[in-house]
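Here is a short, friendly tour to read with the sequence and structure open beside you. Have a look at the fold, and then follow along.

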Amino acid sequence: MLPSPGIVYPMLTMLEEMGYASVAQEGTRKLYSITEDGAKALAENKAVVDAIFARMQQSRTEFASQRPQQIERAVENLRMALRMKMGSLTTEQIHAVTDIIDAAAKQIERI
């Protein structure tokens with residue numbers, strides 16, 4: 001599962017404000033780079049970072065073994081469909097999507 005832009009970009013902004021990352025504009029895209037202070041902070045916290053990555057890998061392994069690939073694909077398709085619709089939904093459409101997801105969850109619970 002990939003983090004959403006709503007998580008990534010605020011984090012990049014925070015790292016830039018802390019002096020741990022710098023940003024350069026490249027056309028319409030932003031290119032982020034680690035600064036010397038960021039590299040130093042990363043090195044100082046290597047054990048913590050390694051532990052976080054190990055925990056993430058363990059979670060991925062456990063999570064992947066819990067559901068068949070077909071279900072994972074379907075869940076990712078749902079997430080993508082929701083991301084593509086966000087921001088453009090009316091209140092009525094939000095209620096309709098909520099009802100669809102709730103109905104699917106109830107059907108899955110009954111299997």
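## Burial and overall form

Buried residues account for 4% of the 111 residues in this chain. Please keep in mind that the model is predicted. How does the radius of gyration of the chain stand against that of a compact globule of 111 residues? The globule would come out near 13 Å, but the chain has 20 Å. Along the principal axes, the C-alpha atoms fill a box of roughly 55 × 35 × 20 Å.

The chain holds 5 helices and 2 strands. Walking along the sequence, you will meet them in the pattern α-β-β-α-α-α-α.

## The hairpin

Let's begin with the strands. Strand β1 covers residues 21-26, and 6 bridges join it to β2 in an antiparallel arrangement. Two facing pairs are handy landmarks here: Ser 22 is opposite Ser 33 in β2, and Ala 24 is opposite Leu 31 in β2.

The two strands make a hairpin with 2 residues between them. In that turn sits Gly 27, whose phi is positive, at about 70 degrees. How many of the 6 residues of strand β2 are buried? The number is 0, so β2 (residues 29-34) lies largely in the open.

## Helix α3: a salt bridge and a nonpolar patch

Helix α3 runs over residues 46-66, and both Lys 46 and Asp 50 belong to it. Their side chains meet in a salt bridge, with 2.8 Å from N to O. The two residues are 4 apart, about one turn of the helix. The general rule fits nicely here: an α-helix has 3.6 residues a turn, so residues three or four places apart point the same way. Side chains of opposite charge can then pair when their charged atoms come close.

Are these two partners buried or partly exposed? Lys 46 has a relative accessible area of 47%, so it counts as partly exposed. Asp 50 is also partly exposed, with a relative accessible area of 39%.

There is a nonpolar feature to look at as well. Val 48, Ile 52, Phe 53 and Met 56 form a patch on the surface, and together they have about 380 Å² of accessible area. One of them, Phe 53, has its place in helix α3.

## Helix α4: a second pair and a glycine

Helix α4 takes in residues 69-85, which makes 17 residues. From its first C-alpha to its last it reaches 24 Å, close to the 24 Å expected at 1.5 Å a residue. Just after α4 comes Gly 87, with a positive phi of about 90 degrees.

How many salt bridges does a search of the whole structure find? The search finds 2. Besides the pair in α3, Arg 79 and Glu 76 bring their side chains together in a salt bridge at 2.7 Å, N to O. Both residues lie in helix α4, 3 residues apart, again about one turn of the helix.

The surroundings of this pair are easy to state. Arg 79 is partly exposed, at a relative accessible area of 24%. Glu 76 is partly exposed too, with a relative accessible area of 30%.

Definitions and conventions. Residues numbered from 1 in each chain as written. Predicted model: local features only at pLDDT ≥ 70, side-chain atom pairs only at ≥ 80, totals over all residues. Heavy atoms only, no water. Expected span 1.5 Å × (residues − 1). Salt bridge = Lys/Arg side-chain N within 4 Å of Asp/Glu carboxyl O. Buried < 20%, exposed > 50% of the residue type's maximum accessible area, 1.4 Å probe, protein only. Patch = residues over 30% accessible without salt bridge, like charges linked within 9 Å, V, L, I, M, F, W, Y side chains within 5 Å. Areas by Shrake-Rupley, 256 points an atom, 1.4 Å probe, with all protein chains shown as cover. Pairing = 2+ DSSP bridges. Rg over C-alpha atoms; globule rule 2.2 N^0.38 Å.
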